[in-house]
Amino acid sequence: MSQEIKVEPFIMRQGNRVGKAAVKFTSGCLAGFHLVGFTICVDDSDKGMFVLFPAATSERATPGRDNDERKRQYFFLRPDDPTLLDRLEDEIINAYKAAVGFN
């Protein structure tokens, strides 16, 4: 299965967010689908450039407790090998840098 990464730099920086990205699938049963929700960020102090991956947050009440809610994140990408996320993050950052002419 092949794919391409599409990035869209923000015209104005929004906090530490500088752009967004999507993965477009170009072959296989997912051809024509886009996986959206990647956010490209820059941390001027420690991390440098990094990617936030698509996720949803769910809030639910804890049984037996009044007004006690827990937040839980659900990540849409769950790799068999954690290094695959690093590889995808590198690809997204490289596509962003190419799009904005970053050296």
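Which residue in β3 is the bridge partner of Lys 20? Keep that one in mind, and I'll get back to it once we've walked through the fold. One thing before we start: what you see above is a predicted model.

Okay, the overall layout. The protein chain has one helix and six strands. Starting at the N terminus, the elements go β-β-β-β-β-β-α, so to speak a run of strands with the helix at the end. The chain has 103 residues, and 21% of them count as buried. And if you take contacts between residues at least 6 apart in sequence, 31% of those join residues at least 24 apart.

Now the sheet. Four of the strands make an open sheet in the order β1-β2-β3-β4, and the pairing is antiparallel. β1 and β4, which is 48-52, sit at the edges with a single partner strand each, so one side of each has no neighbour in the sheet. On average, neighbouring strands here are turned by 25 degrees against each other, ignoring direction.

Let's go across it pair by pair. β1 and β2 run antiparallel and are joined by eight bridges. They form a hairpin with two residues between them, and in that turn Gly 15 has a positive phi of about 65 degrees. If you want a spot to click on in this pair, Lys 6 stands opposite Ala 22 in β2. Moving on, β2 and β3 are antiparallel too, with seven bridges between them. And then β3 pairs with β4, again antiparallel, over five bridges. There, Ile 40 stands opposite Val 51 in β4.

So, back to my opening question: the partner of Lys 20 in β3 is Thr 39. Is Thr 39 buried or exposed? Thr 39 has a relative accessible area of 17%, and the cut-off for buried is under 20%, so Thr 39 counts as buried. What does Thr 39 touch, leaving out residues up to four places away in sequence? Arg 17, Gly 19, Lys 20, Phe 50, Val 51 and Leu 52.

Next, the helix. α1 covers 83-100. It lies across β1, β2, β3 and β4, and runs at about 60 degrees to β1.

That brings us to the pockets. Rolling a probe the size of a water molecule over the atoms shows where empty space is left. In the largest pocket, that space comes to about 430 Å³. It is lined by 16 residues, and the closest to its centre are Gln 3, Val 23, Leu 84, Arg 87 and Leu 88. β1, β2, β3 and α1 each supply at least two residues of this lining, with α1 giving the largest share, five residues. By class, you get 11 nonpolar, one polar and four charged residues.

The second largest pocket holds about 160 Å³ of space. Its lining takes at least two residues from each of β1, β2 and β3, and here β3 gives the largest share, five residues. Some residues we've already met turn up in this lining, including Lys 6, Lys 20, Ala 22 and Thr 39. The classes split into six nonpolar, three polar and three charged.

If you take one picture away, make it this: an open antiparallel sheet of four strands, with α1 lying across those strands. Okay, that's me done, thanks!

Terms used. Residues are numbered from 1 along each chain as its sequence is written. This is a predicted model: local features need pLDDT of at least 70, side-chain atom pairs count only at pLDDT 80 or more; totals for chains, interfaces and linings use all residues. Side-chain values use heavy atoms; hydrogens and water are left out. On a 1 Å grid over the protein atoms alone, a cavity is a set of points where a 1.4 Å probe fits but cannot get out, and a pocket is an open set with protein on both sides within 12 Å along at least five of seven lines; lining residues have an atom within 4 Å of a point. Grid points are joined across faces, edges and corners, and a volume is the space filled by probe spheres set on the points. Ala, Val, Leu, Ile, Met, Phe, Trp, Tyr, Cys and Pro count as nonpolar, Asp, Glu, Lys and Arg as charged, and the others, Gly among them, as polar. Two strands pair if DSSP finds at least two bridges between them. Axes are lines fitted to C-alpha atoms, for helices over the stretch in contact, and angles run from 0 to 180 degrees between N-to-C directions. Contact means heavy atoms within 4.5 Å. Buried means under 20% relative accessible area, exposed over 50%, partly exposed in between (1.4 Å probe, protein chains only).
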